[in-house]
Amino acid sequence: MSTPFFHPGAESPDGVLHRIFGFRSFRPNQEQIVRALMDGRDVFAVMPTGGGKSLCYQLPAVLMPGVALVVSPLISLMKDQVDGARSNGIRAAVLNSSLEFAEQSAVLRSLQSGELDLLYVAPERFALDHFRDILRGCRISMAVIDEAHCISEWGHDFRPDYLALSSIPEILPGIPVAAFTATATERVQHDIAWKLRLRDPFVLRASFDRPNLTYEVRFKEPGEVQLVSILKEFAGQPGIIYRTSRKSVNDTAAMLQKRGFRALPYHAGLDDRERHDNQDAFIRDEVDLIVATVAFGMGIDKSNVRFVIHADLPKSIESYYQETGRAGRDGEAARCILLFSQADIPKVRFFIDAMTDEAERQRALDSLSKVVSFASSTACRRRTLLDYFGETYPRDNCASCDVCLGLHELTDCTREAQMLLSAIVRTDSRFGAAHLIDILVGSKNQKIKDFGHDRLKVYGIGKEHDKKFWRRLIDDLLARKAIGRSEGLYPMLYLIESGARILRGEERVELVRIREKKGKSATTKRGGLDALSDAEKQLFEQLRTLRKRLADEQGVPPYVVFSDKTLVELSILKPSTRDEMLTVSGIGEVKLERYAEPFLRVIGEFVGG
Ligand code: ADP
Ligand code: MG
Ligand code: ZN
């Protein structure tokens with residue numbers, strides 16, 4: 001390898017892509033953005049999370065003379081980005097308030113002597129005269145605003161200090177300004193472009209499809225058994241479990257710890273120290289699971305999150321998309337599972353009804369109803385999500401959502417529905433779900449005896465099904481408005497509209513049921529880790545351990561050393577030489593130099609022994 005490092009001008013973007021980043025090809029849209037920037041044009045790019053936005057500016061930053069300024073909203077994000085860039089041998093630094101004075105001076109010195117390709121700065125810097133003066137004396141290649149939705153008051157993480165960025169074109173005339181965001185709504189997009197005063201920008205709006213994510217909605221069963229059994233499927237892989245309240249976050253995290261899972265809680269009620277430590281432990285693969293409220297996620301770029309579980313209803317489709325978006329940034333297969341039951345709706349309604357601002361209340365109700373219809377429909381989840389953002393999914397079958405994978409089957413449950421409805425009628429619509437189910441399955445509890453319900457004609461007629469089945473059926477009948485549920489502490493079920501027709505045999509009920517899995521391969525799309533053979537998985541685990549050790553030695557998160565994708569390819573290819581290793585995605589010159597030896601050794605021992 002005789003090409004000198006960092007020799008601007010001579011090399012092509014393709015060359016840098018291979019040599020520095022170690023990638024085989026550009027992801028969709030990356031190349032156009034790189035070219036636009038190198039032509040000196042402003043850029044406005046909307047690409048989904050995991051779309052590969054960093055590379056769009058890091059690559060030209062290497063090729064263009066001068067230093068690229070990157071504004072990023074959070075200190076933790078900046079640090080991660082700098083670690084990542086440096087791990088590829090890019091000369092990157094960060095300037096923010098977390099640094100000691102001496103460190104700041106050192107960074108400023110290397111900036112002034114032209115020793116940097118990339119400088120990450122906090123937005124407040126641009127308000128400082130001293131900093132502006134320094135910039136005027138430096139050669140700046142471009143200004144980049146990452147997470148640009150932070151400049152919009154309509155955005156989900158608005159940051160007032162971002163407003164200072166409108167002055168960039170004045171402070172730094174004549175250089176391209178690029179804004180990147182993963183926010184899908186048009187309103188925010190317009191606001192960003194306007195606030196940043198971009199000049200005839202090259203605009204790119206990528207598809208919001210995340211092809212490597214599988215979406216699943218499952219009927220939420222009461223209790224902890226369901227979550228635990230799902231988590232067992234993901235043994236040892238990093239994942240996020242979202243819950244609505246701080247209390248449920250704490251309870252779930254404690255329950256999981258008690259059962260031996262490596263899990264930590266995260267919510268705004270924890271003190272700063274603990275919150276930060278828990279996030280860090282997750283980023284560094286020290287725990288597998290983080291149980292969190294929606295407060296979690298913005299500050300992390302962890303690329304190897306393999307699943308996101310929503311154990312409660314998300315607030316809106318937009319937030320569901322954002323939260324699930326944190327899975328699989330590395331492009332490897334990842335799963336998003338939403339646990340949903342109609343029984344959750346009253347809880348959410350309770351909070352919405354307590355809202356005092358009427359407009360806000362209406363918006364919340366509207367969001368809720370969209371989420372409920374997303375979760376209860378049997379249309380392709382991916383299509384529904386993309387529809388929401390005004391995008392039309394081009395294929396009939398996405399092959400990676402529960403609906404398209406055929407995980408559901410319809411079974412005729414008209415007879416069972418009639419049993420339930422007649423139990424409601426025979427008890428004068430005065431009882432709730434639990435008691436009605438007790439009647440149907442023939443429970444012998446005191447309440448049944450007290451009311452003499454063991455003498456009813458319907459007593460015990462449904463015992464061929466378990467309670468879970470009946471709960472699902474009730475859920476379904478509520479959703480299709482065959483029955484209603486009264487408000488209050490002890491909600492009672494009663495017949496409405498189609499309920500009477502079902503009882504008279506004029507309408508049929510088909511229940512969507514999750515098909516019993518006959519071996520995972522038949523149903524879920526296999527990719528990434530799942531695609532590995534057992535032996536390859538063993539090697540993967542060894543490489544993962546090695547990655548963790550090297551990352552700790554260098555004080556960086558494991559995914560900065562190698563992504564999961566790189567480890568998967570190494571486990572399959574089992575390279576024995578440096579040249580072979582260089583063909584693996586994510587291994588460029590510098591990483592080869594740093595890591596070839598230990599990785600080749602572990603692979604060699606695995607193959608040989
Ligand atoms: P975003 O900021 O858009 O969410 P990132 O820039 O963090 O996405 O990139 C997500 C992941 O994709 C990172 O692990 C990155 O290394 C990887 N990546 C980016 N571009 C490519 C590419 N051309 N080929 C393979 N992997 C890529
Ligand atoms: Mg990013
Ligand atoms: Zn689908």
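**Notebook: helix packing, domains and cores**

I looked up α1 against α3 and found the two helices roughly perpendicular to each other, since angles of 65 to 115 degrees count as such. The pair in question is α1, residues 13–21, and α3, residues 53–63, and I get about 105 degrees between them, with the axes 10 Å apart. Note to self: this is a predicted model.

Next I pulled up who touches whom. On the α1 side I have P13, V16, L17, I20 and F21; on the α3 side they meet L55, Q58, L59, V62 and L63. I sorted the residues of this contact by type and got nine nonpolar, one polar and no charged.

Then the domains. The domain assignment splits the chain into domain 1 (13–205), domain 2 (213–404), domain 3 (411–514) and domain 4 (528–608). I checked one spacing: the C-alpha centres of domain 1 and domain 3 lie 59 Å apart.

Cores came last. Which residues have the most contacts inside the largest nonpolar core? I found L119, F126, L570 and F599, in a core of 109 residues. Helix α26, residues 589–608, supplies the largest share of this core, with eight residues.

I took a closer look at F126. Skipping its neighbours within four places in sequence, I listed its contacts as L69, V71, V121, F131, R132, L135, L165, I168 and I171. There is also a second, separate core, with 38 residues, and I jotted down F26, Y57, L118 and F180 as being among them.

Key
Residues numbered from 1 in each chain as written. Chains lettered and ligands numbered in written order. Predicted model: local features only at pLDDT ≥ 70, side-chain atom pairs only at ≥ 80, totals over all residues. Heavy atoms only, no water. Axes fitted to C-alpha atoms, helices over the stretch in contact; angles between N-to-C directions. Helix = DSSP H or I, 4+ residues; strand = E, 2+ residues; numbered from the N terminus. Parallel < 35°, antiparallel > 145°, perpendicular 65-115°, else oblique. Contact = heavy atoms within 4.5 Å. Nonpolar A, V, L, I, M, F, W, Y, C, P; charged D, E, K, R; others polar. Domains from an automatic or database assignment. Core = buried A, V, L, I, M, F, W, Y, C linked by side-chain atoms within 4.5 Å. Buried < 20%, exposed > 50% of the residue type's maximum accessible area, 1.4 Å probe, protein only.
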